[in-house]
Amino acid sequence: MLVGDQKEARLRWGLRQKLVAAFALQIILIALLLFGIQQLLVRRAMIRQTVEQGDAIALTIEATAGYYVIFSLTDDLKSIIADLAKSGSVTYAEFLDGNGKVLAATVTTTPPALKARKLGREAGTSAGSGLHVYTVPFYESKAE
């Protein structure tokens, strides 16, 4: 049977245990901080890479599809849209004529985030929810 002082002595931490616990706590906190910072940096890098990939897709389409849009060759545009729809990184894509009429689109309804947007050149503008908008106008000549 333990007497009161002996019982308290067994429950108290010695100096060695306190130092070990303090260093262990510091190491754990620093490791968690480094892990959090690393995750933030990786997330930013992935978003930056995704935006760059979207920009490359938009530039490729601008170089190849302008002729089809200007002359309303919808069959060719639908083929391009079908290829874009296969990509997991493209949520929605559409081709519009000069009057805003949809020539081809991946789905029949325009997403709510795009309905109120004014048309104009955009390259990776954030649309919220991790989505980015790319709008590429097509002209008959480079001078326009």
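A salt bridge is here a side-chain nitrogen of Lys or Arg lying within 4 Å of a carboxyl oxygen of Asp or Glu, and by this rule the count in the structure comes to one salt bridge. The structure is a predicted model, and the paragraphs below pass from its overall layout to its second helix, its nonpolar core, the salt bridge itself and a few individual residues.

The chain holds four helices and four strands, and from the N terminus on these elements run in the order α-α-α-β-β-α-β-β. Of the 144 residues of the chain, 14% count as buried. Among contacts between residues at least 6 apart in sequence, 37% join residues that are at least 24 apart.

Helix H2 spans residues 15-70, and its 56 residues reach 81 Å from the first C-alpha to the last, which is close to the 82 Å expected at 1.5 Å a residue. A kink of about 55° is nevertheless present in H2, centred on Thr64. The buried residues of this helix are Gly54, Ala58, Ile61, Ala65, Gly66 and Val69, and the partners against which they pack are helix H3 (74-86) together with strands S1 (94-96), S2 (102-105) and S4 (131-135). Just after H2, Ser72 takes a positive phi of about 50°.

Some of these buried residues of H2 return in the largest nonpolar core, which has 12 residues in all and includes Ile61, Ala65 and Val69, along with Leu77, Ile80, Ile81, Leu84, Val90, Ala93, Phe95, Leu103 and Ala104. At least two residues of this core are supplied by each of H2, H3 and S2, and H3 gives the most, with four residues. Two members of the core illustrate how its parts meet. When residues up to four places away in sequence are not counted, Leu84 touches Ile57, Ile61, Val90 and Ala93. Ile80, for its part, has its place in helix H3 and counts as buried because its relative accessibility is 18%, which falls under the limit of 20%. With residues up to four places away again not counted, Ile80 touches Ala65, Tyr68 and Phe95. The C-alpha atoms of Ile80 and Ala104, which are 24 residues apart along the chain, are separated by 9.0 Å.

The salt bridge is found in helix H3, where the side chains of Lys86 and Asp83 meet at 3.7 Å, N to O. Side chains of opposite charge can pair when their charged atoms come close. An α-helix has 3.6 residues a turn, so residues three or four places apart point the same way. In this case Lys86 and Asp83 are three residues apart in H3 and are therefore separated by about one helical turn. The two partners differ in their class of exposure, for Lys86 is exposed, with a relative accessible area of 69%, whereas Asp83 is partly exposed, with a relative accessible area of 47%.

Two glutamates have contacts that reach beyond their own stretch of the chain. Glu62 is found in helix H2 and, at 27% relative accessibility, counts as partly exposed. Leaving out residues up to four places away in sequence, Glu62 touches Arg121, Val136, Pro137 and Phe138. The C-alpha atoms of Glu62 and Phe138 are separated by 7.1 Å, although these residues are 76 residues apart along the chain.

Glu94, by contrast, is found in strand S1 and is partly exposed, with a relative accessible area of 28%. A polar contact of 2.5 Å joins the side chains of Glu94 and Tyr92. Once neighbours within four places in sequence are left aside, Glu94 is in contact with Ile81, Val102, Ala104, Ala105 and Thr110. The last of these, Thr110, has its place in the loop between S2 and helix H4 (112-115), and with a relative accessible area of 25% Thr110 is partly exposed. Thr110 and Glu94 are 16 residues apart in sequence and 8.8 Å apart in space, C-alpha to C-alpha. Under the same exclusion of neighbours within four places, Thr110 is in contact with Tyr92, Glu94 and Lys115, so that Tyr92 appears both in the polar contact with Glu94 and among the contacts of Thr110, where contact means heavy atoms within 4.5 Å.

Note on methods:
Residues are numbered from 1 along each chain as its sequence is written. This is a predicted model: local features need pLDDT of at least 70, side-chain atom pairs count only at pLDDT 80 or more; totals for chains, interfaces and linings use all residues. Side-chain values use heavy atoms; hydrogens and water are left out. The expected span of a helix is 1.5 Å times one less than its number of residues. The bend at a residue is the angle between axes fitted to the seven residues ending there and the seven starting there. Buried means under 20% relative accessible area, exposed over 50%, partly exposed in between (1.4 Å probe, protein chains only). A nonpolar core is a set of buried Ala, Val, Leu, Ile, Met, Phe, Trp, Tyr and Cys residues joined through side-chain atoms within 4.5 Å. A polar contact is a pair of N or O atoms within 3.5 Å; within protein, one must be able to donate a hydrogen and the other to accept it, and residues adjacent in sequence count only if both atoms are side-chain atoms.
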